[in-house]
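Subject: A structure for you to look at

Hi there,

I am handing over the structure we talked about, and my notes follow below it. Please have it open while you read.

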Amino acid sequence: MRSDECSVLALSPLLYHGDAENACPGCGRSQWLVGRLTAQCACCDTALPLAHGWRWTDQKTRR
Ligand SMILES: [Zn+2]
């Protein structure tokens, strides 16, 4: 991850909520590619961290 991406995430209080409409802070659209840790805007590649606990889920499924 580039350092400028880190600063963008640190400055942004935004999180991706799976049960809500999430307007992209970069382009205002709501088209997301949802991964395991982040959701990435399909239009401008802005990434938001997921609001719910995927890390916690990962630990439960790992042995
Ligand atoms: Zn966007």
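A word before the details: this is a predicted model.

Let's start with strand S2, residues 38-41, which has two faces. Ala39 and Cys41 make up its covered face, while Thr38 and Gln40 sit on the uncovered one.

Now for the neighbours of S2. Strands in a sheet pair through backbone hydrogen bonds, and they can do so in parallel or antiparallel fashion. Strand S1, residues 32-34, runs antiparallel to S2, and 3 bridges join the two. If you look for Val34, you will find Ala39 of S2 standing opposite. The chain gets from S1 to S2 by a hairpin, through 3 residues.

Strand S3, residues 47-49, is also antiparallel to S2 and is joined to S2 by 3 bridges. Two of the partners are worth finding on your screen: Thr38 has Pro49 as its bridge partner in S3, and Ala39 has Leu48. So Ala39 is a good residue to click on, with Val34 opposite and Leu48 as its partner in S3; pairing here rests on bridges found by DSSP. S2 and S3 form a hairpin as well, with 5 residues between them. In that turn, Asp45 has a positive phi of about 70 degrees.

How do the strands line up overall? They form an open sheet of 3 strands in the order S1-S2-S3, with antiparallel pairing. S1 and S3 are the edge strands, each pairing on one side only. On average, neighbouring strands of this sheet are turned by 25 degrees against each other, ignoring direction.

Enjoy exploring, and write back with any questions.

Best wishes

Notes. Residues are numbered from 1 along each chain as its sequence is written. This is a predicted model: local features need pLDDT of at least 70, side-chain atom pairs count only at pLDDT 80 or more; totals for chains, interfaces and linings use all residues. A residue is buried if 20 or more other C-beta atoms lie within 10 Å of its own, exposed if 12 or fewer, and partly exposed in between; C-beta atoms are placed from the backbone. Helices (H or I, at least four residues) and strands (E, at least two) are DSSP runs, numbered from the N terminus. Axes are lines fitted to C-alpha atoms, for helices over the stretch in contact, and angles run from 0 to 180 degrees between N-to-C directions.
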